[in-house]
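Reader: I am new to this structure and would like a close look at one part of it, the empty spaces inside it and at its surface. Please take me through them slowly, and then add whatever else belongs beside them.

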Amino acid sequence: MPRSLWLLVIGMMINVTGASFLWPLNTIYIHEHLGKSLTLAGIVLMLNAAAGVIGNLVGGVLFDKIGGYKSILIGIIITLVSIVILMFNHSWPVYMYLLIFIGFGSGIVFPATYALAGTVWPEGGRKAFNSIYVAQNVGVAAGASLGGIVASISFNYIFVANAALYAVFFFVAFFGYRNIDGASAKQTSILNEKTAIKSRHKFTALIILCTGYLLCWVGYVQWPSTISSYTQTLNIPVSQYSLLWTINGAMIVLGQPLISMFVKRFAKTLKRQMVIGFVVFMFSFVIASFAEQFTGFLVAMVILTIGEMLVWPAVPTIANDLAPEGRQGFYQGFVNSTATGGRMIGPILGGVIADYYNMNLLFMIIITLLAVGIFTTFIYDKKLNAVIEKKRSQAPDVYGV
(Lines give C-alpha, C1' and ligand atoms only; values in the text may rest on other atoms or scores of the structure.)
Protein backbone atom coordinates (compact mmCIF):
# COMPACT_ATOMS: atom_id res chain seq x y z
CA MET A 1 0.00 0.00 0.00
CA PRO A 2 1.45 3.43 -0.92
CA ARG A 3 2.32 5.94 1.80
CA SER A 4 -0.38 8.35 0.62
CA LEU A 5 -3.06 5.72 1.20
CA TRP A 6 -1.70 5.05 4.68
CA LEU A 7 -2.22 8.75 5.48
CA LEU A 8 -5.81 8.50 4.29
CA VAL A 9 -6.29 5.39 6.41
CA ILE A 10 -4.90 7.10 9.53
CA GLY A 11 -7.05 10.18 8.98
CA MET A 12 -10.19 8.13 8.48
CA MET A 13 -9.45 6.10 11.61
CA ILE A 14 -9.08 9.25 13.76
CA ASN A 15 -12.18 10.79 12.19
CA VAL A 16 -14.42 7.79 12.87
CA THR A 17 -13.01 7.24 16.37
CA GLY A 18 -14.18 10.71 17.33
CA ALA A 19 -17.55 10.27 15.64
CA SER A 20 -18.06 6.86 17.29
CA PHE A 21 -18.01 8.43 20.72
CA LEU A 22 -21.37 9.95 19.80
CA TRP A 23 -23.23 8.34 16.91
CA PRO A 24 -24.14 4.96 18.50
CA LEU A 25 -25.55 6.84 21.51
CA ASN A 26 -27.55 9.55 19.70
CA THR A 27 -30.91 7.80 20.06
CA ILE A 28 -30.25 6.97 23.71
CA TYR A 29 -29.27 10.58 24.46
CA ILE A 30 -32.28 12.08 22.66
CA HIS A 31 -34.73 9.57 24.14
CA GLU A 32 -33.36 9.05 27.65
CA HIS A 33 -31.59 12.36 28.47
CA LEU A 34 -33.56 14.91 26.44
CA GLY A 35 -36.87 13.11 27.01
CA LYS A 36 -37.99 12.87 23.40
CA SER A 37 -39.91 10.03 21.77
CA LEU A 38 -38.30 7.39 19.57
CA THR A 39 -40.21 8.83 16.62
CA LEU A 40 -38.76 12.29 17.22
CA ALA A 41 -35.31 10.77 17.72
CA GLY A 42 -35.75 9.04 14.38
CA ILE A 43 -36.70 12.36 12.76
CA VAL A 44 -33.56 14.01 14.15
CA LEU A 45 -31.37 11.21 12.82
CA MET A 46 -33.24 11.46 9.52
CA LEU A 47 -32.42 15.17 9.26
CA ASN A 48 -28.79 14.41 10.13
CA ALA A 49 -28.69 11.80 7.39
CA ALA A 50 -30.51 14.05 4.89
CA ALA A 51 -27.84 16.67 5.41
CA GLY A 52 -25.30 13.89 4.89
CA VAL A 53 -26.90 12.97 1.56
CA ILE A 54 -26.47 16.54 0.37
CA GLY A 55 -22.94 16.60 1.76
CA ASN A 56 -22.08 13.35 -0.04
CA LEU A 57 -23.19 14.74 -3.39
CA VAL A 58 -21.44 18.06 -2.77
CA GLY A 59 -18.28 16.25 -1.69
CA GLY A 60 -18.26 14.13 -4.84
CA VAL A 61 -18.73 17.14 -7.11
CA LEU A 62 -16.11 19.14 -5.20
CA PHE A 63 -13.62 16.30 -5.65
CA ASP A 64 -14.12 16.38 -9.42
CA LYS A 65 -13.89 20.20 -9.47
CA ILE A 66 -11.21 21.18 -6.93
CA GLY A 67 -9.59 17.89 -5.88
CA GLY A 68 -9.59 15.80 -2.73
CA TYR A 69 -7.43 17.95 -0.43
CA LYS A 70 -9.60 21.08 -0.52
CA SER A 71 -12.82 19.06 -0.48
CA ILE A 72 -11.84 17.16 2.65
CA LEU A 73 -10.70 20.33 4.45
CA ILE A 74 -13.99 22.09 3.70
CA GLY A 75 -15.91 19.17 5.19
CA ILE A 76 -13.67 18.97 8.24
CA ILE A 77 -13.97 22.69 9.02
CA ILE A 78 -17.79 22.63 8.83
CA THR A 79 -17.93 19.57 11.09
CA LEU A 80 -15.31 20.76 13.57
CA VAL A 81 -16.99 24.12 14.13
CA SER A 82 -20.32 22.36 14.74
CA ILE A 83 -18.77 19.87 17.17
CA VAL A 84 -17.04 22.62 19.17
CA ILE A 85 -20.35 24.45 19.57
CA LEU A 86 -22.02 21.17 20.54
CA MET A 87 -19.39 20.70 23.24
CA PHE A 88 -20.64 23.86 24.98
CA ASN A 89 -24.34 23.60 24.17
CA HIS A 90 -26.06 20.25 23.69
CA SER A 91 -29.54 21.15 24.90
CA TRP A 92 -32.71 20.83 22.85
CA PRO A 93 -33.19 22.01 20.05
CA VAL A 94 -29.58 23.14 19.54
CA TYR A 95 -28.55 19.49 19.56
CA MET A 96 -30.78 18.83 16.56
CA TYR A 97 -29.51 21.81 14.55
CA LEU A 98 -25.86 20.97 15.15
CA LEU A 99 -26.37 17.33 14.19
CA ILE A 100 -27.64 18.59 10.82
CA PHE A 101 -24.47 20.63 10.24
CA ILE A 102 -22.32 17.72 11.40
CA GLY A 103 -24.11 15.46 8.92
CA PHE A 104 -23.45 17.88 6.06
CA GLY A 105 -19.77 18.44 6.88
CA SER A 106 -18.92 14.78 7.44
CA GLY A 107 -20.91 13.95 4.32
CA ILE A 108 -18.44 15.97 2.26
CA VAL A 109 -15.44 14.15 3.75
CA PHE A 110 -16.38 10.54 3.02
CA PRO A 111 -16.85 10.45 -0.78
CA ALA A 112 -13.81 12.68 -1.26
CA THR A 113 -11.74 10.27 0.83
CA TYR A 114 -12.96 7.19 -1.04
CA ALA A 115 -12.43 8.84 -4.43
CA LEU A 116 -8.95 9.95 -3.37
CA ALA A 117 -8.13 6.40 -2.23
CA GLY A 118 -9.12 5.03 -5.63
CA THR A 119 -7.05 7.72 -7.37
CA VAL A 120 -3.81 7.29 -5.41
CA TRP A 121 -3.82 3.48 -5.74
CA PRO A 122 -5.84 2.56 -8.86
CA GLU A 123 -4.03 -0.76 -9.26
CA GLY A 124 -5.11 -1.77 -5.76
CA GLY A 125 -8.71 -2.41 -6.82
CA ARG A 126 -10.92 -3.46 -3.91
CA LYS A 127 -7.90 -3.38 -1.57
CA ALA A 128 -7.81 0.43 -1.59
CA PHE A 129 -11.46 0.75 -0.60
CA ASN A 130 -11.23 -2.14 1.83
CA SER A 131 -8.37 -0.39 3.66
CA ILE A 132 -10.51 2.72 4.17
CA TYR A 133 -13.41 0.54 5.28
CA VAL A 134 -11.20 -1.27 7.80
CA ALA A 135 -9.89 2.08 9.08
CA GLN A 136 -13.46 3.21 9.66
CA ASN A 137 -14.14 0.15 11.75
CA VAL A 138 -10.98 0.47 13.78
CA GLY A 139 -12.40 3.86 14.67
CA VAL A 140 -15.79 2.35 15.45
CA ALA A 141 -14.21 -0.25 17.74
CA ALA A 142 -12.08 2.28 19.58
CA GLY A 143 -14.69 5.02 19.78
CA ALA A 144 -17.63 2.82 20.74
CA SER A 145 -15.74 0.94 23.42
CA LEU A 146 -14.49 4.15 25.03
CA GLY A 147 -17.77 5.97 24.39
CA GLY A 148 -19.83 3.53 26.44
CA ILE A 149 -17.46 3.90 29.37
CA VAL A 150 -17.31 7.69 29.11
CA ALA A 151 -21.10 8.00 28.72
CA SER A 152 -21.63 6.00 31.91
CA ILE A 153 -19.64 8.72 33.70
CA SER A 154 -21.01 11.78 31.90
CA PHE A 155 -22.34 12.52 28.43
CA ASN A 156 -20.53 15.87 28.57
CA TYR A 157 -17.18 14.11 28.17
CA ILE A 158 -18.49 12.46 24.99
CA PHE A 159 -18.76 15.83 23.29
CA VAL A 160 -15.30 16.89 24.47
CA ALA A 161 -13.66 13.71 23.15
CA ASN A 162 -15.48 14.05 19.84
CA ALA A 163 -14.22 17.62 19.37
CA ALA A 164 -10.65 16.77 20.39
CA LEU A 165 -10.29 13.87 17.97
CA TYR A 166 -11.84 15.78 15.09
CA ALA A 167 -9.33 18.58 15.73
CA VAL A 168 -6.55 16.00 15.40
CA PHE A 169 -8.10 14.84 12.12
CA PHE A 170 -8.02 18.43 10.86
CA PHE A 171 -4.27 18.72 11.46
CA VAL A 172 -3.59 15.32 9.88
CA ALA A 173 -5.50 16.35 6.77
CA PHE A 174 -4.10 19.88 6.64
CA PHE A 175 -0.46 18.83 6.79
CA GLY A 176 -0.65 15.32 5.35
CA TYR A 177 -3.09 15.46 2.44
CA ARG A 178 -1.84 18.47 0.52
CA ASN A 179 0.67 16.38 -1.43
CA ILE A 180 -1.70 13.52 -2.22
CA ASP A 181 -4.43 15.48 -3.97
CA GLY A 182 -6.50 13.60 -6.51
CA ALA A 183 -6.31 16.40 -9.05
CA SER A 184 -3.86 14.36 -11.11
CA ALA A 185 -6.79 12.27 -12.30
CA LYS A 186 -8.09 13.47 -15.62
CA GLN A 187 -11.05 15.75 -15.05
CA THR A 188 -13.57 15.46 -17.87
CA SER A 189 -17.26 16.09 -18.16
CA ILE A 190 -19.53 13.12 -18.57
CA LEU A 191 -21.39 15.15 -21.19
CA ASN A 192 -18.28 15.48 -23.32
CA GLU A 193 -17.44 11.77 -23.48
CA LYS A 194 -17.65 10.09 -26.87
CA THR A 195 -18.85 6.94 -25.16
CA ALA A 196 -21.91 8.69 -23.71
CA ILE A 197 -24.18 5.67 -24.13
CA LYS A 198 -21.71 3.55 -22.20
CA SER A 199 -21.70 6.11 -19.36
CA ARG A 200 -25.49 6.25 -19.31
CA HIS A 201 -25.82 2.48 -18.95
CA LYS A 202 -23.09 2.42 -16.32
CA PHE A 203 -24.91 5.03 -14.25
CA THR A 204 -28.16 3.08 -14.61
CA ALA A 205 -26.33 0.01 -13.31
CA LEU A 206 -25.05 2.06 -10.39
CA ILE A 207 -28.58 3.24 -9.54
CA ILE A 208 -29.93 -0.33 -9.50
CA LEU A 209 -26.97 -1.55 -7.44
CA CYS A 210 -27.38 1.28 -4.94
CA THR A 211 -31.09 0.55 -4.54
CA GLY A 212 -30.20 -2.70 -2.81
CA TYR A 213 -27.38 -0.94 -0.97
CA LEU A 214 -29.87 1.61 0.41
CA LEU A 215 -32.26 -1.13 1.58
CA CYS A 216 -29.39 -2.89 3.31
CA TRP A 217 -28.48 0.32 5.15
CA VAL A 218 -32.13 0.81 6.20
CA GLY A 219 -31.79 -2.48 8.04
CA TYR A 220 -28.29 -1.97 9.36
CA VAL A 221 -29.04 1.45 10.86
CA GLN A 222 -31.64 -0.11 13.15
CA TRP A 223 -28.77 -1.22 15.36
CA PRO A 224 -27.66 2.27 16.43
CA SER A 225 -31.26 3.54 16.47
CA THR A 226 -34.26 1.37 17.39
CA ILE A 227 -32.33 -1.72 18.49
CA SER A 228 -30.12 0.37 20.78
CA SER A 229 -33.21 1.69 22.56
CA TYR A 230 -34.83 -1.76 22.47
CA THR A 231 -31.88 -3.20 24.39
CA GLN A 232 -32.55 -0.64 27.12
CA THR A 233 -36.10 -1.97 27.58
CA LEU A 234 -34.56 -5.41 28.09
CA ASN A 235 -32.34 -3.97 30.86
CA ILE A 236 -29.13 -4.42 28.89
CA PRO A 237 -26.64 -1.77 30.12
CA VAL A 238 -25.31 0.90 27.75
CA SER A 239 -21.79 -0.38 28.36
CA GLN A 240 -22.78 -3.84 27.08
CA TYR A 241 -24.55 -2.36 24.06
CA SER A 242 -21.43 -0.31 23.23
CA LEU A 243 -19.41 -3.51 23.57
CA LEU A 244 -21.32 -4.90 20.59
CA TRP A 245 -19.82 -2.17 18.42
CA THR A 246 -16.38 -2.83 19.85
CA ILE A 247 -16.73 -6.46 18.82
CA ASN A 248 -18.01 -5.34 15.42
CA GLY A 249 -14.94 -3.22 14.79
CA ALA A 250 -12.52 -5.77 16.20
CA MET A 251 -13.95 -8.52 14.00
CA ILE A 252 -13.63 -6.36 10.90
CA VAL A 253 -9.96 -5.66 11.62
CA LEU A 254 -8.89 -9.10 12.85
CA GLY A 255 -11.11 -11.07 10.50
CA GLN A 256 -9.73 -9.67 7.24
CA PRO A 257 -7.48 -12.69 6.50
CA LEU A 258 -10.39 -15.10 6.96
CA ILE A 259 -12.73 -12.98 4.83
CA SER A 260 -10.07 -12.73 2.12
CA MET A 261 -9.72 -16.52 2.06
CA PHE A 262 -13.49 -16.93 1.92
CA VAL A 263 -13.86 -14.43 -0.92
CA LYS A 264 -11.10 -16.05 -2.97
CA ARG A 265 -12.65 -19.48 -2.61
CA PHE A 266 -16.42 -18.94 -2.52
CA ALA A 267 -17.12 -15.38 -3.74
CA LYS A 268 -14.78 -14.77 -6.64
CA THR A 269 -16.95 -12.02 -8.14
CA LEU A 270 -18.13 -8.86 -6.42
CA LYS A 271 -21.74 -9.70 -7.26
CA ARG A 272 -21.53 -13.10 -5.58
CA GLN A 273 -19.78 -11.50 -2.62
CA MET A 274 -22.68 -9.06 -2.20
CA VAL A 275 -25.40 -11.69 -2.55
CA ILE A 276 -23.80 -13.87 0.12
CA GLY A 277 -23.48 -10.81 2.32
CA PHE A 278 -27.19 -10.00 1.95
CA VAL A 279 -28.14 -13.55 2.94
CA VAL A 280 -25.91 -13.31 6.02
CA PHE A 281 -27.54 -9.98 6.93
CA MET A 282 -30.98 -11.61 6.77
CA PHE A 283 -29.87 -14.41 9.07
CA SER A 284 -28.52 -11.91 11.62
CA PHE A 285 -31.90 -10.14 11.84
CA VAL A 286 -33.66 -13.47 12.30
CA ILE A 287 -31.40 -14.11 15.32
CA ALA A 288 -31.95 -10.57 16.66
CA SER A 289 -35.72 -10.95 16.43
CA PHE A 290 -35.56 -13.79 18.99
CA ALA A 291 -32.92 -12.22 21.24
CA GLU A 292 -33.92 -11.26 24.77
CA GLN A 293 -30.53 -11.23 26.46
CA PHE A 294 -27.11 -9.80 25.65
CA THR A 295 -25.79 -13.11 24.32
CA GLY A 296 -28.52 -13.23 21.68
CA PHE A 297 -27.65 -9.76 20.42
CA LEU A 298 -23.97 -10.69 20.55
CA VAL A 299 -24.53 -13.64 18.20
CA ALA A 300 -26.64 -11.45 15.90
CA MET A 301 -23.94 -8.77 15.83
CA VAL A 302 -21.22 -11.30 14.97
CA ILE A 303 -23.29 -12.56 12.03
CA LEU A 304 -24.19 -9.00 11.01
CA THR A 305 -20.50 -8.09 10.95
CA ILE A 306 -19.69 -10.94 8.56
CA GLY A 307 -22.35 -9.67 6.17
CA GLU A 308 -21.06 -6.14 6.51
CA MET A 309 -17.52 -7.22 5.66
CA LEU A 310 -18.80 -8.74 2.43
CA VAL A 311 -21.16 -5.98 1.27
CA TRP A 312 -19.74 -2.62 2.38
CA PRO A 313 -16.35 -2.66 0.55
CA ALA A 314 -17.85 -4.19 -2.60
CA VAL A 315 -20.13 -1.29 -3.53
CA PRO A 316 -17.52 1.53 -3.76
CA THR A 317 -15.24 -0.88 -5.63
CA ILE A 318 -17.94 -1.53 -8.23
CA ALA A 319 -18.68 2.21 -8.40
CA ASN A 320 -15.01 2.95 -9.06
CA ASP A 321 -14.99 0.35 -11.85
CA LEU A 322 -18.13 1.83 -13.38
CA ALA A 323 -17.05 5.48 -13.13
CA PRO A 324 -16.11 7.24 -16.40
CA GLU A 325 -12.79 9.10 -16.41
CA GLY A 326 -12.95 12.20 -14.23
CA ARG A 327 -16.23 11.24 -12.54
CA GLN A 328 -14.85 9.10 -9.72
CA GLY A 329 -15.86 11.70 -7.15
CA PHE A 330 -19.44 11.93 -8.38
CA TYR A 331 -19.87 8.14 -8.44
CA GLN A 332 -18.43 7.76 -4.94
CA GLY A 333 -20.61 10.64 -3.80
CA PHE A 334 -23.65 8.84 -5.18
CA VAL A 335 -22.70 5.63 -3.36
CA ASN A 336 -22.15 7.47 -0.08
CA SER A 337 -25.36 9.47 -0.48
CA THR A 338 -27.21 6.18 -0.98
CA ALA A 339 -25.78 4.80 2.25
CA THR A 340 -26.63 8.04 4.01
CA GLY A 341 -30.12 7.88 2.52
CA GLY A 342 -30.53 4.50 4.16
CA ARG A 343 -29.36 6.02 7.43
CA MET A 344 -31.94 8.77 6.90
CA ILE A 345 -34.91 6.52 6.14
CA GLY A 346 -34.02 3.75 8.61
CA PRO A 347 -34.37 5.56 11.96
CA ILE A 348 -37.70 7.22 11.16
CA LEU A 349 -39.12 4.00 9.67
CA GLY A 350 -37.89 1.95 12.61
CA GLY A 351 -38.98 4.55 15.16
CA VAL A 352 -42.54 4.73 13.84
CA ILE A 353 -42.91 0.93 13.65
CA ALA A 354 -41.39 0.46 17.13
CA ASP A 355 -43.57 3.19 18.66
CA TYR A 356 -46.89 2.22 17.05
CA TYR A 357 -46.50 -1.50 16.34
CA ASN A 358 -43.74 -3.77 17.64
CA MET A 359 -40.14 -4.82 17.05
CA ASN A 360 -41.10 -8.19 15.56
CA LEU A 361 -42.89 -6.44 12.69
CA LEU A 362 -39.84 -4.25 12.16
CA PHE A 363 -37.57 -7.29 11.93
CA MET A 364 -39.90 -8.91 9.38
CA ILE A 365 -39.92 -5.76 7.24
CA ILE A 366 -36.13 -5.49 7.32
CA ILE A 367 -35.71 -9.13 6.25
CA THR A 368 -38.10 -8.50 3.34
CA LEU A 369 -36.15 -5.41 2.25
CA LEU A 370 -32.92 -7.41 2.28
CA ALA A 371 -34.55 -10.01 0.00
CA VAL A 372 -35.36 -7.20 -2.45
CA GLY A 373 -31.72 -6.12 -2.21
CA ILE A 374 -30.60 -9.58 -3.33
CA PHE A 375 -32.79 -9.21 -6.42
CA THR A 376 -31.38 -5.79 -7.37
CA THR A 377 -27.85 -7.09 -6.91
CA PHE A 378 -28.55 -9.94 -9.31
CA ILE A 379 -29.89 -7.68 -12.05
CA TYR A 380 -27.88 -4.43 -11.72
CA ASP A 381 -25.48 -5.15 -14.61
CA LYS A 382 -27.75 -7.19 -16.91
CA LYS A 383 -28.50 -4.31 -19.27
CA LEU A 384 -24.92 -3.03 -19.14
CA ASN A 385 -23.50 -6.42 -20.04
CA ALA A 386 -25.98 -6.73 -22.90
CA VAL A 387 -24.91 -3.35 -24.30
CA ILE A 388 -21.23 -4.25 -23.94
CA GLU A 389 -21.68 -7.54 -25.76
CA LYS A 390 -23.61 -5.82 -28.53
CA LYS A 391 -20.89 -3.19 -28.96
CA ARG A 392 -18.17 -5.81 -28.94
CA SER A 393 -19.93 -7.83 -31.60
CA GLN A 394 -20.26 -4.71 -33.75
CA ALA A 395 -16.72 -3.38 -33.28
CA PRO A 396 -14.62 -5.83 -31.24
CA ASP A 397 -11.35 -4.09 -32.03
CA VAL A 398 -12.57 -0.63 -31.05
CA TYR A 399 -14.89 -0.95 -28.09
CA GLY A 400 -13.52 -1.91 -24.71
CA VAL A 401 -14.51 -1.63 -21.08
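Author: A word on terms comes first: a residue is called exposed when its relative accessible area is over 50%, buried when that area is under 20%, and partly exposed in between. The model is a predicted one, and every value below is computed from it.

The structure holds two cavities of 30 Å³ or more. The largest cavity contains about 1,000 Å³ of space, and its lining is made up of 42 residues, with Trp23, Phe110, Gln136, Trp217 and Arg343 lying nearest its centre. Helix α5, which runs over residues 94-120, provides the largest share of this lining, namely seven residues. Sorted by class, the lining of the largest cavity consists of 25 nonpolar residues, 15 polar residues and two charged residues.

The second largest cavity holds about 40 Å³ of space. Around this second cavity stand Thr27, Leu38, Ala41, Gly42, Leu45, Ser225, Thr226, Pro347 and Gly351. Two helices, α3 (38-66) and α15 (328-356), each supply at least two residues of that lining, and the largest share, four residues, comes from α3. By class, the lining of the second largest cavity has four nonpolar residues, five polar residues and no charged residues.

From the cavities we can turn to the largest pocket, where about 390 Å³ of space lies. Its lining has 17 residues, and those nearest the centre of the pocket are Arg126, Lys127, Asn130, Gln256 and Ser260. Helices α6 (126-153), α11 (256-266) and α12 (270-290) each give at least two residues to this lining, with α11 giving the most, five residues. The residues that line the largest pocket divide into eight nonpolar, six polar and three charged.

At the surface, Ile77, Val81 and Ile85 make a nonpolar patch of about 250 Å². Val81 belongs to helix α4, residues 68-88. A residue must have over 30% relative accessible area to be part of a patch, and Val81 passes that cut-off because its relative accessible area is 47%, which makes Val81 partly exposed.

Two loops deserve a careful look as well. In the loop between α4 and α5 one finds Pro93, which is joined to Trp92 by a cis peptide bond with an omega of about 5 degrees. The loop between α9 (226-233) and α10 (238-254) contains Asn235, a residue that has a positive phi of about 65 degrees although it is not a glycine. Asn235 has a relative accessible area of 69%, and therefore counts as exposed.

Helix α14, residues 314-322, offers a contrasting picture of cover: this helix is mostly covered, with seven of its nine residues buried. The buried residues in α14 are Ala314, Val315, Pro316, Thr317, Ile318, Ala319 and Leu322.

Key:
Residues numbered from 1 in each chain as written. Predicted model: local features only at pLDDT ≥ 70, side-chain atom pairs only at ≥ 80, totals over all residues. Heavy atoms only, no water. 1 Å grid on protein atoms, 1.4 Å probe; cavity = no way out; pocket = protein on both sides within 12 Å on 5 of 7 lines; lining within 4 Å. Points joined across faces, edges and corners; volume = space filled by probe spheres on them. Nonpolar A, V, L, I, M, F, W, Y, C, P; charged D, E, K, R; others polar. Patch = residues over 30% accessible without salt bridge, like charges linked within 9 Å, V, L, I, M, F, W, Y side chains within 5 Å. Areas by Shrake-Rupley, 256 points an atom, 1.4 Å probe, with all protein chains shown as cover. Salt bridge = Lys/Arg side-chain N within 4 Å of Asp/Glu carboxyl O. Buried < 20%, exposed > 50% of the residue type's maximum accessible area, 1.4 Å probe, protein only.
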